[in-house]
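Visitor: I have the sequence and the coordinates open, and I would like to ask how the labels are earned. Could you walk me through the reasoning?

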Amino acid sequence: MIRASLALLATSIALCSALAPSAYATTVYAASSLTKFVPTIAPGNTYSFSGSDTLAFQIENGAPADVFLSAAPLYAERLHKKGLCTTPVVFALNTLTFVTPISNPAGITRVQQLDRPGGYRLAVGGKHVPLGIYTRTLLGKLGLGRALQKNTVSSYQKASDLTSVIALGSAVAGFVYTTDWHANRSRLLPIPVPKSAQPLIRYMACAVIRPGADTTSARAVIARLLSLSGRQALANAHLGLPPKT
Amino acid sequence: MNTRTRLFRGVLTLALVITLLFLLIPIAALLLQVPVRELPALLRETAVTSALLVSLKTSLIANVLFLAIGTPAAYLMALGRFRGRPLLLTLIELPLVLPPAVAGIALLTAFGAFGLLGSTLAQFGVVLPFTQAAVVIAVTFVAAPFYLRAAIAGFSALDRNQLDAARDLGASEAVVFRRIALPLAADALRAGWAMAFARGIGEFGATLLFAGSVASLTETLPLAVYAQLDVDFNSAVAVSILLLAISGGVLLVAKLPPLWSLTPTSPPVGGW
């Protein structure tokens, strides 16, 4: 019994050390809207996808990231200011798409319908996450600033949660990243929104600065993002391209 | 005590210390994040108070539901003899192993606007998503199995001779259930209820996807923690501490002997 317990204890300690990350893989922390894209441009690396705010929070708390790909300048710049990553560069653009479930149960044809009192069930990004901030900018430009008070609005911190809530009909409409709409085209119907109302959505990349970070490989991943083949891959993933630098 | 016994006890103590440290260090770290005197102010924010109200109200209804329906159901599961009982027991436990987000998707595909039952409900004008009813369903769905499991185990452990004795004395089945089985299984039921309550009030994933996160309507405390993380870290921690206090309080109360029980519990046998 004693020997068995000690053996078990030793085994668990051994197992724990086996779970520690290996020192040689480059770890890419990327916004969840890049989930399909990143493995095509940086194959063979370790990835972690989540909301940019969550990723930035994890990196600030010492997560073993080498590259940070943020869906909004805010988070990359925040890390840079704290000395936690190199100067961020814009590598991709995105837009918002106003979508309903494919069957469009509420019969929404124009975004201006959101201005009517009576209330649709809308799914919208949280007030303080990039998607929510962009959505509010777009509504503001359309003069629909009060649309979020006139409807029943459910807030989501993660873009992917929002997409499934609309696809499954919990919400009758909502604003998603265009890339997320492309990934769920069979379940989401796009409703046109004037181009002039689109917010400027810039994705930024930076190499994480921390003891033990693989800065060389991180810089190589970022260089590939900006290269010709990188731009081709971005376009294939329905992301917009920033002007060449 | 000989050396071997002492060594064995040492190993046990070491295991317990490791277990406690592992489980309690994160909670202690959370409590140390925010100065205690800032807590009241952080918890008075409207976002927090409205989330607290939503959580308490929906949890109360969900708990009444699974206690009222789950208790007799568990009694039948424990004492009934019918085919397929092991399979049924497993099915009841299935929601326990569903990842919360999957539970949310499952509820949506059942009761959502396009769901299995949702489209029929919609014909009667019942729309569940983004309502408090949906929160109650989500909480009940994830919490009830915890109670059912404990209640079935509690009823199964009853001494059947005692139940038969009551029957021989002329007690009806309903009286046996109410006067004999319920009081005897009370400890198990209370412990199961406490676990289910704690799981229910901490429910996150299924609520977010099925009931949505509509401020002061379906935004419960756990959803508020998640939303607050992006705004104010201290406020998120304060809400987490509130959640811990509520769940911890209920778990503790359930473990204390009830005030009305006058029968002394028998002392543990053969302890060290």
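Visitor: Why are B:Asp187 and B:Arg190 said to be separated by about one helical turn?

Guide: Both sit in helix α9 (residues 173-201) of chain B, and they are 3 residues apart, so about one helical turn lies between them. Bear in mind that this is a predicted model.

Visitor: What makes B:Asp187 and B:Arg190 a salt bridge?

Guide: Their closest N and O atoms are 3.0 Å apart, and the cut-off is within 4 Å, so the pair qualifies.

Visitor: Why does B:Arg190 count as buried?

Guide: Its relative accessibility is 19%. Buried means under 20%, so B:Arg190 falls on the buried side.

Visitor: How do you know that B:Glu203 and B:Arg199 meet in a salt bridge?

Guide: The N to O distance is 3.7 Å, which is within 4 Å and therefore counts. As for the partners, B:Glu203 is buried, with a relative accessible area of 1%, whereas B:Arg199 is partly exposed at 25%.

Visitor: What makes A:Glu60 and A:Arg78 a tie between parts of chain A?

Guide: Start with their salt bridge, 2.8 Å from N to O. A:Glu60 lies in helix α3 (residues 52-60) and A:Arg78 in helix α4 (residues 73-81), so the pair links parts that are 18 residues apart in sequence. A:Glu60 has a relative accessible area of 23% and A:Arg78 has 31%; partly exposed means between 20% and 50%, so both fit that label. A search of the whole structure finds 9 salt bridges over all chains.

Visitor: Why is A:Arg121 described as having no salt bridge?

Guide: The nearest side chain of opposite charge, A:Asp161, is 17 Å away, and a salt bridge needs atoms within 4 Å, so none is assigned. A:Arg121 is buried and belongs to strand β6 (residues 121-125) of chain A.

Visitor: What lies 3.2 Å from a polar atom of the A:Arg121 side chain?

Guide: That is the backbone oxygen of A:Gly169. A:Arg121 also touches residues of chain B, including B:Val127 and B:Phe130.

Visitor: How do you know that B:Leu244 can join a nonpolar patch?

Guide: B:Leu244 has a relative accessible area of 32%. Patch residues need over 30%, so B:Leu244 passes that test. B:Leu244 is found in helix α12 (residues 233-255), while helix α1 (residues 3-33) gives the most to the patch, with 7 residues. Together the patch residues have about 750 Å² of accessible area.

Methods:
Residues numbered from 1 in each chain as written. Chains lettered and ligands numbered in written order. Predicted model: local features only at pLDDT ≥ 70, side-chain atom pairs only at ≥ 80, totals over all residues. Heavy atoms only, no water. Helix = DSSP H or I, 4+ residues; strand = E, 2+ residues; numbered from the N terminus. Buried < 20%, exposed > 50% of the residue type's maximum accessible area, 1.4 Å probe, protein only. Lys, Arg positive; Asp, Glu negative; His and termini not counted. Polar contact = N/O pair within 3.5 Å; in protein donor to acceptor, adjacent residues only side chain to side chain. Contact = heavy atoms within 4.5 Å. Patch = residues over 30% accessible without salt bridge, like charges linked within 9 Å, V, L, I, M, F, W, Y side chains within 5 Å. Areas by Shrake-Rupley, 256 points an atom, 1.4 Å probe, with all protein chains shown as cover. Lists of a residue's contacts leave out its neighbours within four places in sequence.
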